[in-house]
Amino acid sequence: VSLQLECEMESVLVGGNYCKYSRILSQTPWLIDGSRRTADSVQELIGEPIAAHFKTSRYLFHSAGREDVDVRMLGEGRPFVLELQNAHRVCFSPEEYERFAAEVNGATDLVAVSRLRSVTKDEFTVLKEGENKKRKTYQAVVWLSQARSQAQLDEVLSRVHDLHLDQLTPIRVLHRRTLATRDKIIHSAQGRSLNPHFFLLTLDTSAGTYVKEFVHGDLGRTRPNVGTLLGCEADILQLDVRDLRLDLTTPTTTATT
């Protein structure tokens, strides 16, 4: 009779916010048929150097949602938690966490981290449960097939207030998402004309809204959309997340280091 016993340390949770400044960077390693499509990922640029300080190579990357490869994450950033498994060092001071963040930020201009700290299981739960409750502000450059003035943009978009959308699963994600119609909300919309055929669109939306599809309509799978609202064809040239409102802290729990 043989007996093998393995002992591991309880996972350590490290949280923070990240910004992503690249339009060719995936959040996690992007593999198709075993081949990488991007050289780096947000997960690796943040996780690898931090995991090294905890003397482990095993970690999981959790975040409050994700942005597409070609979408920047700006503002205060997106909350994330690193779940460091079987770490051989677990206690660090706030000053050391500041140094870790500076190390990540100094090694690349693709991402930046802030508010790096130890977090509790309660805060981790807030992150996971908040994925479907957060509100986000987006900014997009939009093309229109017909000229629209600033006054015309204001007249239409000023009426957008808690606008409900019927969003059928977008064509671009059908290979990995269940076919379903989702009720999403555009809380507000503003437009700033760049020229008669292009404008800067700012949206405040509910969690999980497919903003690209709200702009171009996805062959009628998202209704209403920018095209139906403005009475012409619309398409999106670029998209940024400008703000994401989700606080990991809870009234009864504080982070420990």
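# Exercises on a predicted chain

The buried residues of helix H1 pack against S1, S4, S5, H2 and strand S6 (111–118). The exercises below start from this packing; the model is a predicted one.

## Exercise 1: the surroundings of H1

Determine which residues of H1 are buried, and describe how the axes of H1 and H2 are placed relative to each other.

**Solution.**

Step 1. The list of buried residues in H1 consists of Val42, Gln43, Leu45, Ile46, Gly47, Ile50 and Ala51, and the elements against which these buried residues pack include H2.

Step 2. Helix H1 covers residues 42–53 and helix H2 covers residues 94–107; their axes come within 10 Å and cross at roughly 140 degrees. Angles over 145 degrees would count as roughly antiparallel and 65 to 115 as roughly perpendicular, so H1 and H2 are classed as oblique to each other. The hand of the crossing of H1 and H2 is right.

Step 3. On the H1 side the contact is made by Leu45, Ile46, Pro49, Ile50 and His53, and on the H2 side by Arg99, Phe100, Glu103 and Val104. Sorted by class, the residues in this contact of H1 with H2 are six nonpolar, one polar and two charged.

Step 4. Beyond the end of the helix, H1 is followed by lysine 55, which has a positive phi, near 55 degrees.

## Exercise 2: aromatic pairs

Classify the pair of tyrosine 18 and phenylalanine 80 and the pair of tyrosine 97 and phenylalanine 100, and place both pairs in the chain.

**Solution.**

Step 1. Two values are needed, because a pair of aromatic rings is described by the distance of the centres and the angle of the planes. Searching the whole structure yields seven aromatic pairs.

Step 2. For tyrosine 18 and phenylalanine 80, the centres are 6.2 Å apart and the planes make an angle of 50 degrees, which is a tilted arrangement. Tyrosine 18 belongs to strand S1 (residues 12–20) and phenylalanine 80 to strand S5 (residues 72–84), so that the pair links distant parts of the chain, 62 residues apart. Tyrosine 18 and phenylalanine 80 are both buried.

Step 3. For tyrosine 97 and phenylalanine 100, the centre-to-centre distance is 5.9 Å and the angle between the planes is 75 degrees, which makes the pair edge-to-face. Because tyrosine 97 and phenylalanine 100 are three residues apart in helix H2, about one helical turn separates them. Both tyrosine 97 and phenylalanine 100 are buried as well.

Step 4. Tyr97 and Phe100 also belong to one aromatic cluster together with Phe54 and Phe92, and Phe100 is one of the H2 residues that make the contact with H1.

## Exercise 3: backbone features

Locate asparagine 86 and aspartate 162, decide whether each counts as buried or partly exposed, and then locate the cis peptide bond.

**Solution.**

Step 1. Asparagine 86, although not a glycine, has a positive phi of about 50 degrees, and its place is the loop between S5 and H2. The relative accessibility of asparagine 86 is 19%, and therefore the residue counts as buried, the limit being under 20%.

Step 2. Aspartate 162 is likewise not a glycine and has a positive phi of about 50 degrees, but aspartate 162 is found in strand S8 (residues 161–168). Its relative accessibility is 35%, so aspartate 162 counts as partly exposed.

Step 3. The cis peptide bond joins arginine 223 and proline 224, with omega about -10 degrees. Proline 224 lies in the loop between strand S11 (222–223) and helix H6 (226–230).

## Exercise 4: leucine 60 and the chain as a whole

Describe the surroundings of leucine 60, and then give the overall composition and extent of the chain.

**Solution.**

Step 1. Leucine 60 sits in strand S4 (residues 59–63) and, with 38% relative accessibility, counts as partly exposed.

Step 2. Once neighbours within four places in sequence are set aside, the contacts of leucine 60 are Val81, Leu82, Glu83 and Gln85. The C-alpha atoms of leucine 60 and leucine 13 lie 9.7 Å apart in space, while the two residues are 47 residues apart in sequence.

Step 3. The chain contains six helices and 12 strands, and its C-alpha trace spans about 75 × 45 × 35 Å along the principal axes. Of its 257 residues, 47% count as buried.

Step 4. Among contacts in the chain with a separation of 6 or more, 74% are between residues 24 or more positions apart.

Methods: Residues numbered from 1 in each chain as written. Predicted model: local features only at pLDDT ≥ 70, side-chain atom pairs only at ≥ 80, totals over all residues. Heavy atoms only, no water. Axes fitted to C-alpha atoms, helices over the stretch in contact; angles between N-to-C directions. Helix = DSSP H or I, 4+ residues; strand = E, 2+ residues; numbered from the N terminus. Parallel < 35°, antiparallel > 145°, perpendicular 65-115°, else oblique. Left-handed = near helix turned anticlockwise from the far one by under 90°. Contact = heavy atoms within 4.5 Å. Nonpolar A, V, L, I, M, F, W, Y, C, P; charged D, E, K, R; others polar. Phe/Tyr/Trp six-rings, centres within 6.5 Å; stacked < 30°, edge-to-face > 60°. Buried < 20%, exposed > 50% of the residue type's maximum accessible area, 1.4 Å probe, protein only.
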